[in-house]
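Me: Could you take me through the metal site of this model, and then through what surrounds it? I work at the bench, so please spell out the cut-offs as you go.

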Amino acid sequence: MRIDLHAHSAISDGTDTPAELVAEALRAGLDVVALTDHDTFDGLPEALAAGESLGVRVVPGVELSTEVAGRSVHLLGYGCHTDDPALLTELALIRRGRDGRIPAMLAILAELGMPLDPAVLARVSGSATSIGRPHLADALVVQGYVADRTEAFDRLLADDGPAFVPRYAAPLEPAIRLIHAAGGVAVLAHPWGRVSREVLPEHYLGALARDHGLDGIEVDHNDHDRATRASLREVARRHGLLATGSSDYHGTGKRDHGLGVNTTSQQVLAEIDARIARRGGH
Ligand code: AMP
Ligand code: MN
Ligand code: MN
Ligand code: MN
């Protein structure tokens, strides 16, 4: 069984439609793929239908934008009820923050001599209902200011870049509660990747497990080098956290994140399924 629990479609900042993503999962030899678009469930119906017809199990997921001490932390939710009012309200609030920062970032880019054409931005955003910096990056590429998303982030859009404008994110601990209350399982995405590492030391991960019921942490992820993965695996073992692995696939939007480059074990998925069932999720 090959299981990849973190992938994006063009409903957020990936480049495949949800159905294309599932077809790609089949080609990559996956048995199970989770669609985890940023802050939206909008791609799930199409992905689930494609999974049915292609014989790939699609786990319904979401990657929630949360924060700890003002630093961005990504939280994966699996099996949440997509009609949970409290969770939907929070997702809408986060997406409003995503939309709201765009004009400010466009103004900075214009000041830096890189005015973006709204028609280009609209075109590269396509079917996305959750707009992010990668869409600005794609527009910068189309207009010839940068070569690719990586250069756009390195020069302009990274958290410490000149065109960065912060946005609303949900406080982490309440966000874990929201996922549980919606019947889901909460797993921290790439906890020791560049952005969130300092605010998620081991003692805090332990506290999240003990006091807030955090279910797991993503261990095998391309933002974690070998040593980091080994340390995180130990952290998971010591604190009773599930350890997952995934590609964080974004289609052509991210290099070296092909579907299935990292995978999750069958035992871990079985435990995730058991917890979803226990909490009444789906
Ligand atoms: P946002 O959702 O607006 O906060 O933008 C964050 C998203 O940008 C992440 O989910 C990644 O998909 C993408 N991203 C972050 N850093 C980079 C990078 N260096 N190169 C390409 N994409 C990136
Ligand atoms: Mn992304
Ligand atoms: Mn992420
Ligand atoms: Mn992701």
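How many Å separate the manganese ion (ligand 3) from the manganese ion (ligand 2)?

Reply: Happy to! The manganese ion (ligand 3) and the manganese ion (ligand 2) are separated by 5.5 Å. Before going on, some ground rules: this is a predicted model, in which local features need pLDDT of at least 70 and side-chain atom pairs count only at pLDDT 80 or more, while totals for chains, interfaces and linings use all residues. Residues are numbered from 1 along each chain as its sequence is written, chains are lettered from A and ligands numbered from 1 in the order in which they are written, and side-chain values use heavy atoms, with hydrogens and water left out.

Let's begin with ligand 3. Its protein donors are Glu-63 (OE), His-74 (ND1) and His-190 (NE2), at 2.1 to 2.2 Å from the manganese ion. Donors here are N, O and S atoms within 2.8 Å of the metal (3.2 Å for Na, K and Ca); water is not among the atoms, so sites may look incomplete. Along the chain, the donors of the manganese ion (ligand 3) are spaced E-x10-H-x115-H. Glu-63 belongs to strand β3 and His-190 to the loop between β6 (185-188) and α8 (202-212), so this pair ties together parts that are 127 residues apart in sequence. Helices (H or I, at least four residues) and strands (E, at least two) are DSSP runs, numbered from the N terminus.

Glu-63 and His-190 are buried, where buried means under 20% relative accessible area, exposed over 50%, and partly exposed in between (1.4 Å probe, protein chains only). For His-190 the relative accessibility is 12%. His-190 also has a positive phi, near 25°, although His-190 is a residue other than glycine.

Glu-63 appears again at the manganese ion (ligand 4), whose protein donors are His-6 (NE2), His-8 (NE2), Glu-63 (OE) and Asp-248 (OD), lying 2.1 to 2.2 Å from the ion. The sequence spacing of these donor residues is H-x1-H-x54-E-x184-D. Ligand 4 lies 4.5 Å from the manganese ion (ligand 2). His-6 sits in strand β1 (residues 3-7) and Glu-63 in strand β3 (residues 57-68), so the two tie together parts that are 57 residues apart in sequence. Both His-6 and Glu-63 are buried.

Asp-248, another donor to ligand 4, is found in the loop between β8 (242-245) and α10 (266-279). Asp-248 is buried, at a relative accessible area of 2%, and has a positive phi of about 55° without being a glycine.

Now for a neighbour of these donors. Thr-36 lies in the loop between β2 (32-35) and α2 (44-54) and is buried, with a relative accessible area of 0%. Apart from residues up to four places away in sequence, Thr-36 touches Leu-5, His-6, Ala-7, His-8, Gly-61, Val-62, Glu-63, Leu-76 and Tyr-78; contact means heavy atoms within 4.5 Å. Among these partners, His-6, His-8 and Glu-63 are donors to ligand 4.

On the far side of that loop is helix α2, with Leu-44, Ala-47, Ala-50 and Gly-51 as its buried residues. Seen down the axis of α2, these fall within an arc of 130°, so they line one face of the helix; the arc is that of the directions from the helix axis to the C-beta atoms. Their cover includes α1 (18-27), β2 and β3. Turned away from the buried side of α2 is a face carrying the exposed residues Pro-45, Glu-52 and Ser-53. After α2 comes Gly-55, with a positive phi near 75°.

Finally, there is ligand 1. The residues around it include Asp-13, His-38, Arg-98, Arg-101, Arg-167 and His-250, where a residue counts if one of its heavy atoms lies within 4 Å. A polar side-chain atom of His-250 is 2.8 Å from an oxygen atom of ligand 1, and for Arg-167 the corresponding distance is 3.0 Å. Taken alone, ligand 1 exposes 500 Å², of which the protein buries 87%; accessible areas come from the Shrake-Rupley method with a 1.4 Å probe, and for residues only the protein chains shown count as cover.

Key:
Polar contact = N/O pair within 3.5 Å; in protein donor to acceptor, adjacent residues only side chain to side chain.
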